[in-house]
Structures are given as C-alpha cells and as structure tokens.
Amino acid sequence: MSKEAYQDDIFILRVQNWQTADKYAVCFSRAHGKIAFIAFGARYPRSTYGRLIQPFAQLSAHFTPGARMDVLRQCESLFLPEEVDIEMLSYGAVINEVTENLTGDHEPQEEIYDLLLQAYNLLGKRNKRIVTISTLLKLLVYCGLGPNLTACTSCQKNPNEDGYFSLAQGGFLCSNCAIGDELPCSLGTKTLMQNLMNLDFIKPQEFTVRGQELMQLEQILYKFILYQTDKPLKSLDFLEQIQG
Ligand SMILES: [Zn+2]
C-alpha cells in the first residue's frame, strides 16, 4: 500500500462511533476499492466534515494511509441523501453489507463503485426488493462468483425443466445430477435470476416477476452469499422484519 496521501471519490457503506468524538467508517471508492477509515473529531458539533460522513453519502475525500486504517483529512459532498426512509435504509444496508463482505481492502474495482451509485439511484425509483436482488447478483459477478446458470454445472446439459441450485458448485444442477441436499430452483426462478443478473440499470427492461419465484430466488441468493462469505448478514434480520 502506498504511504502517500491520496484523494478519491467515495461511497459510504457503514459508519460507527469511535472513541469519544470520532467516527469509524467503511466506504467503497472509485480508484482504491474498499477503504476503512477513521475521521478524528467527526462527532464534534463544530466539525465541518463530520455531518457528511453518513451511510450512502458520496464524497470527495482526502486520506493519509495509517498502519491499521486510513485517516480522513478532509472531504466535500458530491451527493448527500436528503431523506432516507426506513425501506431505503433497510435495502441499502443489505447492499452495503454484502459489498463490504465480498470485497477486499484497497482492491480497486471501478465497476463496483459505479454499480453502487446506479443501484442507489434506482432504489429511489423502482421496486427496492428487485433492485436489491439485481445489485447483489451483479456484485457476485464482479467478484468472480457469479452463479453459473446457462447449463447444469455437473453434466453441462441444458434441460428445459425445474432443477436445483448447488451452493458448492455455484450454479444450476439438473434433476439427474442432484443428490438431494441442493436447493430447489425452478425453471422460472433460474430465468428470473438470469434476467436480474443482466438488468440494465440505466434503462431497466420490463418483465414479469412471480412472487413464488422471487422468494425462491432470495432463498438461494442469501444462502449462496453466506456460503461464499461465511458471514451472516446483520442487515437481513431487519429487512425481514419490515418485509413482514
Ligand atoms: Zn446435470
């Protein structure tokens, strides 16, 4: 890691209080990937930048590298969310937590930065549940963990019928190859997963979503993310509460 001070555009994923007056935050940046940083004095009322450091804020930030985490020197707002309702907060928190869990520190990946900005924009305009699933699928793809759905991951055949999803093989399994401990994955669920993985966030296509397929897809997706990261999502408990 470079010891030089640096500037970058960042999207804040998570913020927590630190010591008596500081904030600790994790962000995803345009050119440096994920950065964990400390903002000294950010909770003092007179701190000019302290109020900017909140989840979903987009900032232009200056850092100096530290031994364990980088130190924020100054920042300016590029975009500060005005009012984040509880639904937005809940879905956004899931996207942010998965991003944090799937990515490594200081591993630049500009497409993930762009994805986060686009996802956040789309969350305010479209069905939040759909946008969230689509974002998580795209994140998996960008991290090299995209589910393999084009054919059975075992026999490579592509039967046009309901099958299973194998967490270990990271993709679709036909009913001939399944041994029984896989998750059910109907043909409709598989198609929905492909559609959401390829959804255009600039000009989203229209397609029908069936409730049952959506639920099956969510079950597969969240179990697959847990399988890949080994970290239960704290934000998911809260989301399940508001989804009822
Ligand atoms: Zn097969």
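This section describes the domains, the pocket and cavity, and selected buried residues of a predicted model.

The domain assignment of the protein gives two domains, domain 1 (6-79) and domain 2 (86-243). Taken over C-alpha atoms, their centres are separated by 29 Å. To the contact between them, domain 1 contributes 20 residues and domain 2 contributes 21 residues.

The largest pocket has a volume of about 430 Å³. Its lining comprises 17 residues, of which Leu-13, Arg-14, Ala-93, Glu-97 and Ser-235 are the closest to the pocket centre. At least two lining residues come from each of β1 (6-18), α1 (86-102) and α6 (234-243). The greatest contribution to this lining is that of α1, with 7 residues. In terms of residue class, 8 nonpolar, 4 polar and 5 charged residues form the lining of the largest pocket. Because domain 1 and domain 2 both give residues to this lining, the largest pocket lies between the two domains.

Enclosed space was examined as well. The model contains 1 cavity of 30 Å³ or more, and the space in the largest cavity amounts to about 40 Å³. The residues lining the largest cavity are Phe-11, Phe-56, Gly-92, Ile-95, Asn-96, Leu-116, Ala-119, Tyr-120 and Leu-123. Helices α1 and α2 (110-123) each supply at least two residues of this lining, and α2 gives the most, with 4 residues. By class, 7 of the residues lining the largest cavity are nonpolar and 2 are polar, while none is charged. Helix α1 thus appears in the description of both spaces, with at least two residues in the lining of the largest pocket and at least two in that of the largest cavity.

Helix α4, which spans residues 187-197, has Thr-189, Lys-190, Leu-192, Met-193, Leu-196 and Met-197 as buried residues. These residues lie on the same side of α4, because they cover an arc of only 160° around the helix axis. In general, an α-helix has 3.6 residues a turn, so residues three or four places apart point the same way. The packing partners of the buried α4 residues include two helices, α3 (128-142) and α5 (211-229). The same buried residues also pack against the strands β6 (163-166), β7 (171-173) and β8 (183-185).

Two individual residues were considered in further detail. In domain 1, which covers residues 6-79, Phe-37 is found in strand β3 (residues 33-39). With a relative accessible area of 0%, Phe-37 falls under the 20% limit and is therefore buried. When residues up to four places away in sequence are not counted, Phe-37 touches Ile-10, Ile-12, Lys-23, Tyr-24, Ala-25, Cys-27, Ile-53, Phe-63, Met-69, Asp-70 and Leu-72. One of these contacts, Met-69, is 32 residues from Phe-37 in sequence, yet the C-alpha to C-alpha separation of Phe-37 and Met-69 is 5.3 Å.

The second residue, Asn-101, lies in helix α1. Asn-101 has a relative accessible area of 18% and is classed as buried because this value is under 20%. Outside the residues up to four places away in sequence, Asn-101 touches Thr-229, Lys-231 and Leu-233.

Technical notes:
Residues numbered from 1 in each chain as written. Predicted model: local features only at pLDDT ≥ 70, side-chain atom pairs only at ≥ 80, totals over all residues. Heavy atoms only, no water. Buried < 20%, exposed > 50% of the residue type's maximum accessible area, 1.4 Å probe, protein only. Arc of directions from axis to C-beta. Contact = heavy atoms within 4.5 Å. 1 Å grid on protein atoms, 1.4 Å probe; cavity = no way out; pocket = protein on both sides within 12 Å on 5 of 7 lines; lining within 4 Å. Points joined across faces, edges and corners; volume = space filled by probe spheres on them. Nonpolar A, V, L, I, M, F, W, Y, C, P; charged D, E, K, R; others polar. Domains from an automatic or database assignment.
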